[in-house]
Amino acid sequence: MTSFRVAFRVNGQAVVLDLPAQALLLDVLRHRLGLKGAKRSCDVQVCGACTVLVDGAPVSACTYLAIEVDGREVSTVEGLATDDALHPLQESFIERGAVQCGFCTSGMLMAAKALLDEEPAPTAERVETYLRGNLCRCTGYRKVVEAIVACGRSAGPRT
């Protein structure tokens, strides 16, 4: 089996791994790097539970080849909080009760971060459209949308 040396950054940390060509980003994050926030659910890009950011853009890690991140920046939910504080999106989700079982929450947070970085004060309709690839069977999405809109109103783009 042929392997490739892949050098990239995850949540600001440099990573160099030898990976088989068919390795999926989700498997590398979860099993090689111990980052369990992105979840495996559908394996076909329809649920959003595995959403991470690659160079700021949301991707489905369950179908994204790991070799495609060579030279790029990957952000996961584990990288949102700093050592001493939750990210404003995480705080907004908690304050508004936008978390139920939590399975899909990391994917929604990452998609929301990408949206707020692109559009700091989106409307509720824009949030709903942007989250169309993030499914949740526990909520009606109302609190999730409210949390994202409120976070966008409170400040500009997030780092």
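**Pocket, cavity and one buried leucine**

Let's start with the lining of the largest pocket, sorted by class: four residues are nonpolar, six are polar and one is charged. Keep in mind that this is a predicted model.

Who are these residues? The list runs Gln45, Gly48, Thr51, Pro58, Val59, Ser60, Ala111, Tyr130, Arg132, Gly133 and Asn134. Which element gives the largest share of that lining? Strand S4, residues 57-60, with three residues. As for volume, the largest pocket holds about 220 Å³ of space.

Next, the cavity. How many cavities of 30 Å³ or more does a search of the whole structure find? One. The volume of the largest cavity is about 40 Å³.

Now its lining. Phe93, Ala98, Gln100 and Cys101 are on the list. So are Gly102, Cys104, Thr105 and Met108. Cys136, Thr139 and Val144 complete the lining of the largest cavity. By class, seven of these residues are nonpolar and four are polar. No charged residue lines the largest cavity.

Last stop, Leu116. Where does Leu116 sit? In helix H3, which covers residues 105-118. Is Leu116 buried or exposed? Buried, because its relative accessible area is 0%, and buried means under 20%. Now look along the chain to Arg153. Leu116 and Arg153 are 37 residues apart in the chain. In space, their C-alpha atoms are separated by 9.8 Å.

To recap: a pocket of about 220 Å³, a cavity of about 40 Å³, and Leu116, buried in helix H3.

Definitions and conventions: Residues numbered from 1 in each chain as written. Predicted model: local features only at pLDDT ≥ 70, side-chain atom pairs only at ≥ 80, totals over all residues. Heavy atoms only, no water. 1 Å grid on protein atoms, 1.4 Å probe; cavity = no way out; pocket = protein on both sides within 12 Å on 5 of 7 lines; lining within 4 Å. Points joined across faces, edges and corners; volume = space filled by probe spheres on them. Helix = DSSP H or I, 4+ residues; strand = E, 2+ residues; numbered from the N terminus. Nonpolar A, V, L, I, M, F, W, Y, C, P; charged D, E, K, R; others polar. Buried < 20%, exposed > 50% of the residue type's maximum accessible area, 1.4 Å probe, protein only.
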